[in-house]
Structure formats: structure tokens, C-alpha cells
Amino acid sequence: MGKRQSGRELLRSLSKKQKKHLREFGEEHPFYDKVFVCCLIGCYYFPFHSENSDKSSAESDSETEAEQVSVYHKLLATLKTSPESETEEEEDESESEETGESETEMDSEGSQETREADGGEEKNNIPDQEEGTEDTAEQTLGQEQTDGADTSCDPSHGVIEDFTDVKHESEFSLETNFMEEESGDCSAHQRDHNPFKQHMDRELGEKEVEKMSTLPKTSNQSKWPSLGQLTFSSTLEKHKTLKADKEFDVKQLYLHKPLEATWPKVNKQFLSSVNKPSDSSFTPLQRELFCIMNTYQDLFYPERNALTNGEEIRHAYCLHALNHVLKANAQVLSNNAKRRDQKPGTDSDDYRDQGLTRPKVLMIVPFRECALRIVHIFISLLEVNDKRKIDVSNKKRFKGEFGSDPEEKPPNLKRPEDYEAVFAGNIDDHFRIGVAILQKSMRLYAPFYSSDIIIASPLGMRTIIGAEGEKKRDFDFLSSIEMLIIDQADIYLMQNWEHVLHLMKHINLLPLDSHGVDFSRVRMMNLNNWSKYYRQTLLFSALQDPQINSVFNKHCFNYVGQVAVRNVPLSGSIGHVVVQLPHVFRRLEAENLTSVIDTRFQFFINKVLPEYRDAIMSHTLIYVPSYFDYVRLRNYFKKEELNFTHICEYTKKAGVCRARRFFLKGEKQFLLFTERFHFYKRYTIKGIRNLIFYELPTYSHFYSEICNMMKATDNGVDATWTCTVLYSKYDAQKLAAVVGIDRTAQMLQSKKNVHLFVTGEN
């Protein structure tokens with residue numbers, strides 16, 4: 001009885017989000033900085049709880065309160081933070097951090113599902129909430145609170161895993177509905193000339209498909225005012241280089257009828273008085289991006305910035321995706337009416353207007369907040385005016401699961417603006433939701449096989465696709481994806497890039513089941529398994545990276561061709577270093593790309609580390625981008641019995657506090673520090689006098705951020721500060737982002753070490 005009462009007290013002390021996560025996963029949410037136990041399946045990590053990826057889990061709601069309390073009691077009893085740890089944290093904060101950064105700082109990491117390469121490291125998954133919330137999306141949904149939602153949709157009653165809306169199945173069925181005249185395209189001229197019809201109606205021949213599979217792509221370049229240097233590439237006949245329209249009217253874009261009226265109002269927030277009257281609905285960047293999107297070419301834009309153009313880009317691709325879905329559905333509904341009116345026994349191939357499965361657009365985004373904003377944009381684009389509100393089912397549940405709780409906003413945190421922009425709102429990275437759109441209605445939580453658009457995170461897709469040999473796995477719904485949008489691809493490098501690669505391997509494959517499709521309505525390209533040649537891929541990132549480039553080059557087969565923005569950085573982030581600091585760039589020679597990892601390690605332990613073993617070279621921070629390199633170095637340091645401490649994304653709060661305090665006081669000579677910890681925390685590490693970049697950082701601005709931490713050392717001697725960077729010829733992109741393209745060319749030509757001295761901003 002005592003245990004049960006104690007457990008109930010613990011249960012009452014937890015927030016709604018904690019209770020919600022317990023119902024869903026049977027364990028506490030990693031946001032609360034407890035140990036998150038994972039198991040290894042192949043090369044991926046998953047929670048021990050079993051996931052039912054395609055059905056609602058009603059069992060969780062039927063559990064008794066006593067059983068829930070028991071789970072919480074056992075879980076929290078094993079994960080409680082000891083009083084000694086709390087004392088150490090408070091002591092460290094008073095010594096090594098400013099008064100504004102208190103213990104709440106330790107709870108502000110971004111959520112992620114990651115792999116751990118070494119079983120000896122304590123696992124502490126990156127938590128799941130950060131300050132800064134975009135209120136507009138939540139307010140809009142809040143004003144439209146649903147009316148007929150039952151209590152099971154209320155977050156306070158718990159969240160059922162993978163809830164799908166079966167109530168509105170018939171209302172949103174493409175097979176049983178017909179076109180309303182006012183919802184169709186404006187004219188026959190639009191139907192014949194719009195880019196959607198031209199792209200989807202073209203029938204490729206076997207020779208053309210063989211040509212795309214075997215021959216290399218030809219490319220040419222062009223420079224546009226806003227996007228800059230573009231590379232156009234295609235395998236088929238040489239395409240004319242696309243030119244940027246300096247100005248155009250929204251009617252020239254052949255948008256679906258409602259979007260012509262709503263887009264200017266929805267996009268008004270990004271427009272300035274500088275825009276010309278004839279081009280009042282797009283910003284210069286949006287105009288050029290949409291010009292490419294509307295030709296159905298693949299697009300890679302590596303200059304997305306959460307602070308400046310992130311929302312502009314989101315609005316542009318949402319317009320394009322919604323336009324595509326509305327046109328595709330309008331074609332199906334129109335043909336439904338024609339088939340209804342035709343004489344019995346008449347067969348025709350004129351009505352091939354569908355794929356093997358219904359989902360047409362797949363949108364990959366990193367956090368729930370991103371999905372919330374996308375759905376809000378869709379709603380705004382579909383509402384012609386205030387009097388004609390569209391019917392959105394399950395809005396209350398959606399707001400509860402994808403919105404953020406203002407009470408969980410950590411106070412008094414000082415973080416860079418870009419950090420707050422990226423980690424705004426609900427930053428849970430495990431989700432997926434189907435969206436069905438039919439004329440004047442939107443259905444959230446539609447089953448995937450009844451959805452037009454799927455919005456998901458890489459982890460959300462990974463857990464439903466599963467691995468080979470698993471019984472419960474499904475990827476047939478990806479068979480007929482016509483548009484793939486991957487936004488903020490750089491963040492997936494910090495989460496788990498393997499999930500993205502796994503998704504790309506399972507998209508546009510022939511389904512294993514028919515799923516009730518009418519084969520007389522299926523396009524020939526889908527029957528021929530040529531869907532991948534018609535799929536448009538839109539890839540947005542904050543940086544150029546070989547892994548992102550590889551996905552764009554090796555997994556995109558669009559017959560229309562590809563467009564990639566390839567601007568080179570004229571000045572690097574080294575210009576933002578504000579402390580007087582000598583930078584020594586030490587080049588290592590590797591025979592090939594696969595040998596770089598081992599070559600770098602040997603170069604470091606044989607040539608770099610011996611110079612820092614002397615006690616004079618204390619307070620040395622070693623910045624390590626790769627977790628696997630970090631584990632290798634940590635094991636070597638232990639073997640050599642060096643005086644060091646270490647911080648990574650799995651280190652517990654108490655361990656982080658101890659490491660920072662030991663390093664500041666000089667009790668530990670070296671500090672091993674991972675890039676992903678910096679990405680999710682952005683702590684200021686005090687006491688740095690010597691800095692070693694084991695490898696150039698993924699984000700170029702991290703270079704200047706880490707260097708500028710030296711100014712936080714009150715008792716440091718400027719003359720003794722040093723910075724050493726290891727690089728090879730395979731780091732050209734990262735090097736250019738740090739030192740600029742001109743210096744990069746010189747450094748790659750010369751095999752000597754390069755010494756740079758930076759004095760303030762230049």
C-alpha cells in the first residue's frame with residue numbers, strides 16, 4: 001500500500017507530457033534527462049518497447065492506474081538523481097558558469113535517437129525541449145478547436161500510439177467522390193499547359209529509361225540574381241538552361257484555383273515595399289525557387305538559414321506540394337465523374353490517373369514543430385476567406401501532440417539566435433502523420449494508404465519501415481511518392497544519417513500487396529516500376545556536405561533533370577573570431593577517402609599529441625566531430641593514462657559538471673569534446689588555452705564559436721593561446737567554409753602547414 005501511494009504521488013508530480021510519454025512508450029521521456037535504454041538491431045538503435053507502426057495501440061489506454069503507477073515507480077526509483085550529484089552541479093554552476101545559466105540549462109538539449117558505438121559509455125539521450133516557440137501556428141489551431149472530438153483525442157487522457165482516423169474514411173475516399181465544378185482548374189488551356197500535367201503525362205520509352213540508368217549526366221551552369229551559381233544536369237537530351245523570371249504574375253504559374261487567391265495573403269508577411277506591383281506575391285528568393293520547383297526538376301538548396309530564409313522556403317515548398325496534390329486529386333475526381341457518365345461496358349485507358357498507392361508527397365522534417373507549421377500553412381492556403389473555413393478533422397489532438405507546453409519553457413537561458421530558431425517549439429524527433437486533402441476539407445491522422453501527404457521525421461519513417469527480417473514492417477505506401485521534400489537535412493547529420501539512407505533505399509519500390517487498387521486507373525509508369533524517374537526531390541540544407549551531396553547525386557533519378565545551388569564561400573567563419581589567436585592548419589596526407597580516419601588518428605597521436613603532453617600545455621580542448629573518433633581517442637587516452645576528462649552527447653548532467661569544473665581548475669589537462677554535444681547544448685566551456693580541432697566542424701560557425709570561448713577565461717594569458725586544426729584534401733568543402741575559397745585553394749596546393757593570425761573581426 002505504501003508503494004502504491006508513493007507511486008501515485010510521483011505520478012501526480014509529473015507533467016502532462018511525461019504522463020503522455022509513459023502511455024506511449026512505457027518509460028519516461030528523454031527530455032527529462034534520464035537514462036534512455038536502447039538495444040542494437042543491426043546498425044540501428046531502438047527503444048526496448050515494441051512499436052506497432054501501422055495500427056492504433058488501444059491497449060495502453062486499457063491499462064489500470066495501478067499498473068501505470070508501478071511502471072513509474074520502478075522507473076523513477078532507478079533514475080533518481082543522487083543528492084551528491086545535485087550538490088556537484090550547484091557547485092560547478094557557481095564556479096564555472098554565469099549566474100544566468102543555472103541547472104535548467106542542463107535540461108535544454110534537442111531530442112534525438114542516436115547510436116552508441118561503445119558499450120562502456122553511459123547512455124543519456126539528448127532531451128527534447130528548448131525555449132522559443134512560434135505562437136502563430138498554435139494560435140490558429142487553437143482558435144479552431146474541434147467540435148466533435150471525443151475525449152480520447154485529448155492529450156490529458158493520454159496519447160494512443162499511431163492513432164489513425166477511420167471515422168472519416170468514406171468522406172475522403174478518392175474512389176467514391178466527384179469533382180465540384182468550382183474546385184477545378186479554371187480552363188482547358190490551364191489543363192493542357194500546366195506543368196503538373198506535362199510532367200505526369202509524359203510516357204518514357206524503354207530506351208530513355210536505359211539511357212538514364214547507364215549514361216552519365218551532362219551539366220551546364222548559370223547564375224541567377226538571388227540563388228547565385230546554379231548547376232543544371234540531365235541524362236536525357238540537353239535541356240535549355242532555365243532562366244530566372246525577373247517578374248511574373250501568379251496566374252502564369254497555373255496554380256490550382258483556390259491557391260491563386262490565398263497565396264498572396266498567406267505570403268504577405270515576407271514581402272516588403274520593394275516588391276514590384278506585378279510581382280507582389282513572391283520574394284526574390286521564393287520566385288526563383290518556385291520557378292525551378294514548378295518545372296518539376298530536382299532541387300538542392302544548401303543555404304537554408306533558420307534565422308533568415310527558413311520560413312520563406314517552407315512557404316514556397318508548401319505551396320508547390322499542395323498545388324501538386326490538389327491538381328492530382330482534381331484529375332481523379334474529374335475522371336470519376338466521366339466514368340460514372342460513360343456507357344456500361346466501355347473500357348478506356350484515358351483514365352490512368354493514379355499510382356499504386358495514394359500517398360503522393362512525403363515531407364521529411366526534423367521536429368514536430370516543423371510539422372505543426374506545415375499543417376498551419378496548408379490550412380491558411382486552403383481557406384479562401386474568413387467566412388469559408390475549411391473543415392479540419394482531429395485538430396485538437398494534433399495541437400496537443402505537436403504543439404508545445406509554455407510551462408516547459410526553460411527560463412534564463414542564453415543561447416545564440418540560430419540555436420533558438422532551430423530548437424523552437426516541440427522538438428520531439430519521433431513522429432509521422434498522414435494528411436488527406438479533398439476539395440474543402442483536410443483530414444489529419446489519415447491512415448497512410450488513405451493519405452495524400454505524409455509528414456514525418458527520419459526516425460518516424462525508420463521505425464515503420466523496419467529492418468529486413470522484422471515481422472512488423474511496411475513501406476508499400478512509399479511506392480508511388482511523386483514528390484519528396486527533405487527540409488533541414490543538415491540536422492539529420494546530428495541525429496542519425498543512416499535513417500535517411502534507409503528511407504531512400506525503400507522509396508518507389510513495387511508494393512508487396514495491391515492494397516485494393518484499381519489497376520485500370522494506375523499510370524503505366526507505376527506499373528513499369530519507373531516511379532523513381534518521375535519523382536521530384538527537393539532538398540534543403542544549411543550547408544554543403546558530402547553525405548548530403550551523395551543522396552542528391554545517387555538517389556535522385558528525375559527524368560527532367562536536377563538543379564543544384566553551388567555557391568562558394570568567399571570569406572570563411574574565421575573572420576568572426578574576436579580573440580587574437582594564431583591558427584595552425586596541419587595537413588595530413590591520406591591515400592584515399594577510406595583511409596582518412598586511420599591516417600588522422602595516427603597523425604594525431606604521433607605528431608600532434610606529443611607536443612601537448614607537457615604540463616605547460618594544460619587546458620587543452622580537443623574538438624571531435626565524429627562520435628566514433630571520440631570513442632577511439634577516449635580509449636587511447638585511458639590506455640596511455642593521460643590526465644583527461646571527456647564530454648559527449650551521452651554524458652550525464654553530473655558528469656558534464658565535473659568535467660567542466662576539473663578542466664577550468666586545471667585538474668585535468670585535456671578535455672575531449674564532441675560536436676553533437678555542442679550542437680544540442682551550446683555550453684560555454686571556460687578555461688580553454690589550447691584548442692585542437694581533430695577535424696574541421698560540420699557547421700562552419702562552430703569554428704568561431706569554439707575559438708571565441710577563450711575570451712571567457714578571465715585569468716588566461718593571451719600570448720599562450722593556440723589553435724591547431726587537422727585537415728586533408730578531402731576536407732575541401734569544410735575548409736572553404738572556415739577560411740574562404742581563396743585560402744583553401746592555396747592550402748590544398750601547398751603541402752606545408754599553414755599559419756594564420758586573426759586579430760578581431762576581419
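## A tour from helix H14 outwards

Start by selecting H14: 6 of its 8 residues are buried, so this helix is largely enclosed by the rest of the structure. Buried here means under 20% relative accessible area, with exposed being over 50% and partly exposed in between (1.4 Å probe, protein chains only). Helices are DSSP runs of H or I with at least four residues, strands are E runs of at least two, and both are numbered from the N terminus. The buried set in H14 is Lys395, Arg397, Phe398, Gly400, Glu401 and Phe402.

Before you go on, keep in mind that this is a predicted model, where local features need pLDDT of at least 70, side-chain atom pairs count only at pLDDT 80 or more, and totals for chains, interfaces and linings use all residues. Residues are numbered from 1 along each chain as its sequence is written, and side-chain values use heavy atoms, with hydrogens and water left out.

Now add H13 (residues 368-382) next to H14 (residues 395-402): their axes come within 9 Å and cross at roughly 145 degrees. Those axes are lines fitted to C-alpha atoms over the stretch in contact, with angles running from 0 to 180 degrees between N-to-C directions. Which residues of H13 and H14 make the contact? Show Arg368, Glu369, Ala371, Leu372 and Val375 on H13, then Phe398, Glu401 and Phe402 on H14 (contact is heavy atoms within 4.5 Å).

Next stop, salt bridges, each a side-chain nitrogen of Lys or Arg within 4 Å of a carboxyl oxygen of Asp or Glu. The whole structure has 23 of them. Pick Lys389 and Glu383, whose closest N and O atoms are 3.7 Å apart; Glu383 is buried at 13% relative accessible area.

Jump to Glu589 and Arg587, which pair up at 2.8 Å, N to O. Glu589 is partly exposed at 42%, while Arg587 is buried at 10%.

Then select Arg676 and Glu649, a salt bridge at 3.1 Å, N to O. Arg676 sits in helix H24 (residues 675-681) and Glu649 in the loop between strand E16 (644-647) and helix H23 (653-665), so the pair ties together parts 27 residues apart in sequence. Arg676 is buried at 9% relative accessible area, and Glu649 is buried at 1%.

For a last selection, try Arg304, Glu311, Arg314, Glu369, Arg373 and Asp487: salt bridges with shared partners join these residues into one network. Glu369 should look familiar from the H13 side of the helix contact.
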